[in-house]
Amino acid sequence: MSRPQFLTNPSFPRTRMRRNRQTDWSRRLVRENTLSVDDLVWPVFVLDGENRREPVASMPGVERLSIDLLLDAVGEAYELGVPAIDLFPYTDDTLKTPCAKEAYNKDNLVCRAVRAIKAKYPDLGVITDVALDPYNSDGHDGLVQDGVILNDETVEILCQQALVQAEAGCDVVSPSDMMDGRMGLIRDTLDGAGYQHVQMISYAAKYASAYYGPFRDAVGSGGSLGKGDKKTYQMDPANSDEAIHETGLDVGEGADMFMVKPGLPYLDIIRRIKDSFGLPVAAYHVSGEYAMLKAATQNGWLDNDRTVLETLMCFKRAGADVIFTYCAVEAAKLLQK
Ligand code: PBG
């Protein structure tokens, strides 16, 4: 029998790639990566009041919860073995000002939520977001003057914000604002106040992305930002070397873990950072990615459970150690099956 030229693979038929794939036990043996509940961080949205629960329309299955209800929700995550949560506040418009002073109010919603959660679940990791957008009347992560996002003035406020969060008892501060030099100055501020043990996750490579839209609905910053964008501080999606430069700076400034955000469209960046530094890398499977997944699965176009687990596994394969995902609780349940 004459075979076409492309089939004359010299290692065939001795080498057959399908041999290792033919049974479940064998596929398990040769599997290179594993996904476990230990990899997951659950971002949650908190709002003021009691017994309040508001669905986020663009994020099916995600709700803003008042602290009392949030305690039950994070309790479930804790019982399922999710190591940590990441807290984001929905701030009442009346508390938003151009100088974002609610950000460093010791009794703001985030600080109250941290105290309540740590009192009930001391072993659950609590991560707080450091950025001004929930508190700023213009929806930016920094102070705005004449249309310019001020860097150094913003960093001073971020230091105060991180400090009240540390005082409230958070385990990790995670500055998501992309101002220059903030990691080092926040580290100095925390250390100076006796919070050397508080960890820092740097959003080292955070891109100016359209995928954050649903999140801005969830925290209520989208309306204030309007048609504005964050391109003068978040990274250009066209860039990759710059992510290495950013991460290198944050290594020097004392960050403990390094985040890439968004997630799936940026798996190449995760891999490059992991290979370049060999340090703990976190991926953020962001709101827009979640919205796309849920839109398709709710329409019956994709199988929800398989898509969720495959997506999260891809982060592991790309080199992520930690995955921030709104799917954390459902994934934890799926992983128990
Ligand atoms: C802002 C912040 C954003 C997210 C986390 N922190 C949005 C933004 O930069 O505008 C996005 C998270 C998501 O989309 O899930 N400090």
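At what angle do H3 and helix H4 pack, and how far apart are their axes? In this predicted model, H3 and helix H4 (residues 152-168) pack at an angle of about 25 degrees, and their axes are 8 Å apart. Angles under 35 degrees count as roughly parallel, so H3 is described as roughly parallel to H4. The crossing in which H3 passes H4 is right-handed. On the H3 side, the contact is made by Val110, Cys111, Val114 and Arg115, and on the H4 side by Val164, Gln165 and Ala168. Sorted by class, the residues of the contact of H3 with H4 are five nonpolar, one polar and one charged.

Helix H3 also has helix H2 as a partner. The axes of H2 (residues 67-80) and H3 (residues 109-120) come within 10 Å and cross at roughly 45 degrees. An angle of 65 to 115 degrees would be roughly perpendicular and one under 35 degrees roughly parallel; H2 and H3 are therefore oblique to each other. Their crossing is right-handed. From H2, the residues Ile67, Leu70, Leu71, Asp72 and Val74 take part, and they meet Leu109, Arg112, Ala113, Ala116, Ile117 and Lys120 of H3. The residues of this contact of H2 with H3 comprise eight nonpolar, no polar and three charged.

A further helix pair is formed by H10 (residues 287-298) and H11 (residues 304-318), whose axes come within 10 Å and cross at roughly 155 degrees. Because angles over 145 degrees count as roughly antiparallel, H10 and H11 are given that description. Here too, H10 passes H11 in a right-handed crossing. The residues in contact are Glu289, Leu293, Lys294 and Thr297 of H10, together with Asn304, Thr307, Val308, Thr311 and Phe315 of H11. The residues of the contact of H10 with H11 divide into three nonpolar, four polar and two charged.

Attention now turns to single residues, beginning with one in a strand. Ile85 belongs to strand S4 (residues 84-90). Is Ile85 buried or exposed? Its relative accessible area is 0%, and Ile85 is buried because the cut-off for that word is under 20%. Leaving out residues up to four places away in sequence, Ile85 touches Val41, Trp42, Val44, Val74, Ile117, Leu124, Gly125, Val126 and Ile127. Two of these names are familiar from the helix contacts: Val74 lies in H2 and Ile117 in H3. For Val74, the separation along the chain from Ile85 is 11 residues, and the C-alpha atoms of the two are separated by 7.5 Å.

Another strand, S5 (residues 125-130), holds Asp129. With a relative accessible area of 8%, Asp129 is buried. Apart from residues up to four places away in sequence, Asp129 touches Asp86, Leu87, Phe88, Gln161, Gln165, Ser174, Ser176 and Tyr203. One of these, Ser176, is joined to Asp129 by a polar contact of 3.0 Å between the side chains. Gln165, also on the list of residues that Asp129 touches, is one of the H4 residues in the contact with H3. A residue that is 85 places from Asp129 along the chain is Pro214, and the C-alpha atoms of this pair are separated by 17 Å.

Where does Asp39 lie? Asp39 sits in the loop between helix H1 (24-30) and strand S1 (40-47). Asp39 counts as buried, at 10% relative accessibility. With neighbours within four places in sequence set aside, Asp39 is in contact with Thr34, Lys316, Asp321, Val322 and Ile323. Among them, Lys316 makes a polar contact with Asp39, side chain to side chain, at 3.1 Å.

The last residue considered is Thr325, in strand S12 (residues 322-325). Thr325 is buried, and its relative accessible area is 0%. A polar atom of the Thr325 side chain lies 3.0 Å from the backbone nitrogen of Cys327. Not counting neighbours within four places in sequence, Thr325 is in contact with Leu40, Val41, Trp42, Pro43, His285 and Leu312. Val41 and Trp42 also appear among the residues that Ile85 touches.

Key. Residues numbered from 1 in each chain as written. Predicted model: local features only at pLDDT ≥ 70, side-chain atom pairs only at ≥ 80, totals over all residues. Heavy atoms only, no water. Helix = DSSP H or I, 4+ residues; strand = E, 2+ residues; numbered from the N terminus. Buried < 20%, exposed > 50% of the residue type's maximum accessible area, 1.4 Å probe, protein only. Contact = heavy atoms within 4.5 Å. Polar contact = N/O pair within 3.5 Å; in protein donor to acceptor, adjacent residues only side chain to side chain. Axes fitted to C-alpha atoms, helices over the stretch in contact; angles between N-to-C directions. Left-handed = near helix turned anticlockwise from the far one by under 90°. Nonpolar A, V, L, I, M, F, W, Y, C, P; charged D, E, K, R; others polar.
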